[in-house]
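Let's walk through this one together, going from a few single residues out to the way the helices pack. Keep the viewer open and follow along.

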Amino acid sequence: MVIRTLELLLAAAFFFAPGLAWSKPAAPSTIPALEERLKKKPQDRAARQSLAELYYKQKNLKKTIEVLAPYSNEIDSEGLILLSEAYVAQKDLLNAIRTLQLYEQKDPNRFRPHFLLGEAYSKNGQKDEAVASYRKAIE
């Protein structure tokens with residue numbers, strides 16, 4: 001009876017306060033805190049991407065690229081989009097295309113990588129490649 005009561009109390013606690021049981025500590029949200037976190041854990045992809053997003057919001061494209069480019073094979077799709085946007089803003093279309101090709105390999109069945117790659121090809125004057133990417137996007 002006592003065990004059943006404890007089980008019910010625990011179940012109620014998890015139901016009414018699910019974030020309390022196994023919640024992670026809040027991720028740092030300032031540039032210095034994220035930089036410090038990356039010094040300790042360079043492979044922390046979430047911190048790396050958060051830091052890059054903060055740099056991008058500040059229009060610090062060089063730092064955005066510095067944070068993400070060495071890890072382009074490891075970051076997720078959103079990180080690749082952010083990296084490609086930073087390259088496009090710097091008018092480095094070849095690296096933007098290379099980054100978007102990685103994105104296309106990660107998510108080949110989605111519309112967005114093909115469309116963004118088509119946009120980059122178009123801006124770079126590669127019309128045939130742009131058309132091919134746009135066609136993939138609508139298939």
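Start in the loop between α4 and α5, where you'll find K59. Bear in mind as you look around that this is a predicted model. K59 has a relative accessible area of 69%, so it counts as exposed. Check its backbone too: phi of K59 is near 65°, which is a positive value in a residue other than glycine.

Now jump to the loop between α6 and α7, where K91 sits. K91 is not a glycine, yet its phi is positive, at about 65°. With a relative accessibility of 72%, K91 also falls in the exposed class, because the cut-off for that is over 50%.

For a loop residue with another sort of surroundings, go to D44, between α3 and α4. Is D44 buried or exposed? Its relative accessible area is 13%, and the limit for buried is under 20%, so D44 is buried. Setting aside neighbours within four places in sequence, D44 is in contact with R37 and L38.

Time to zoom out. The chain has nine helices and zero strands, so if you read the elements from the N terminus on, you get α-α-α-α-α-α-α-α-α. Of the 139 residues in the chain, 32% are buried. As for how the chain comes back on itself, take the contacts between residues at least 6 apart in sequence: 34% of them join residues at least 24 apart.

D44 has already brought us to the loop between α3 and α4, and these two helices make a good first pair. α3 and α4 pack at an angle of about 150°, and their axes are 9 Å apart. Their crossing is left-handed. On the α3 side the contact is made by I31, L34, E35, R37 and L38, and on the α4 side by A47, R48, S50, L51, L54 and Y55. Sorted by class, the residues of this contact are seven nonpolar, one polar and three charged.

One of those α4 residues, L51, deserves a closer look. Not counting residues up to four places away in sequence, L51 touches I31, L34, E35, L38 and V67. Which residues touch the most other members of the largest nonpolar core? They are L51 and L68, in a core of 28 residues. The elements that give two or more residues to this core are α3 (31–40), α4, α5 (61–68), α6, α7 (93–106) and α8 (111–123). Among these, α6 gives the most, with six residues.

That makes α6 a natural next stop. Helix α4 (residues 45–57) and helix α6 (residues 77–89) have axes 11 Å apart and pack at an angle of about 30°. Angles under 35 degrees count as roughly parallel, and α4 and α6 are therefore roughly parallel to each other. The crossing in which α4 passes α6 is left-handed. Here Q49, A52, E53 and Y56 in α4 meet E78, G79, L82, E85 and A86 in α6. By class, this contact of α4 with α6 has four nonpolar, two polar and three charged residues.

From α6, step across to T99, which is found in helix α7. T99 has a relative accessible area of 0%, so it is buried. Which residues is T99 in contact with, leaving aside its neighbours within four places in sequence? They are L80, L83, S84 and Y87. You can also use T99 for a distance check: T99 and E85 lie 14 residues apart in sequence, and C-alpha to C-alpha they are 9.6 Å apart in space.

Finish with α8 and helix α9 (residues 127–138). The axes of α8 and α9 come within 8 Å and cross at roughly 165°. Angles over 145 degrees count as roughly antiparallel, and α8 and α9 are therefore roughly antiparallel to each other. Their crossing is left-handed. α8 brings F111, H114, F115, L117, G118, E119, Y121 and S122 to the contact, while α9 brings K127, E129, A130, S133, Y134, K136 and A137. By class, the contact of α8 with α9 has seven nonpolar, four polar and four charged residues.

How values were computed. Residues numbered from 1 in each chain as written. Predicted model: local features only at pLDDT ≥ 70, side-chain atom pairs only at ≥ 80, totals over all residues. Heavy atoms only, no water. Axes fitted to C-alpha atoms, helices over the stretch in contact; angles between N-to-C directions. Helix = DSSP H or I, 4+ residues; strand = E, 2+ residues; numbered from the N terminus. Parallel < 35°, antiparallel > 145°, perpendicular 65-115°, else oblique. Left-handed = near helix turned anticlockwise from the far one by under 90°. Contact = heavy atoms within 4.5 Å. Nonpolar A, V, L, I, M, F, W, Y, C, P; charged D, E, K, R; others polar. Core = buried A, V, L, I, M, F, W, Y, C linked by side-chain atoms within 4.5 Å. Buried < 20%, exposed > 50% of the residue type's maximum accessible area, 1.4 Å probe, protein only.
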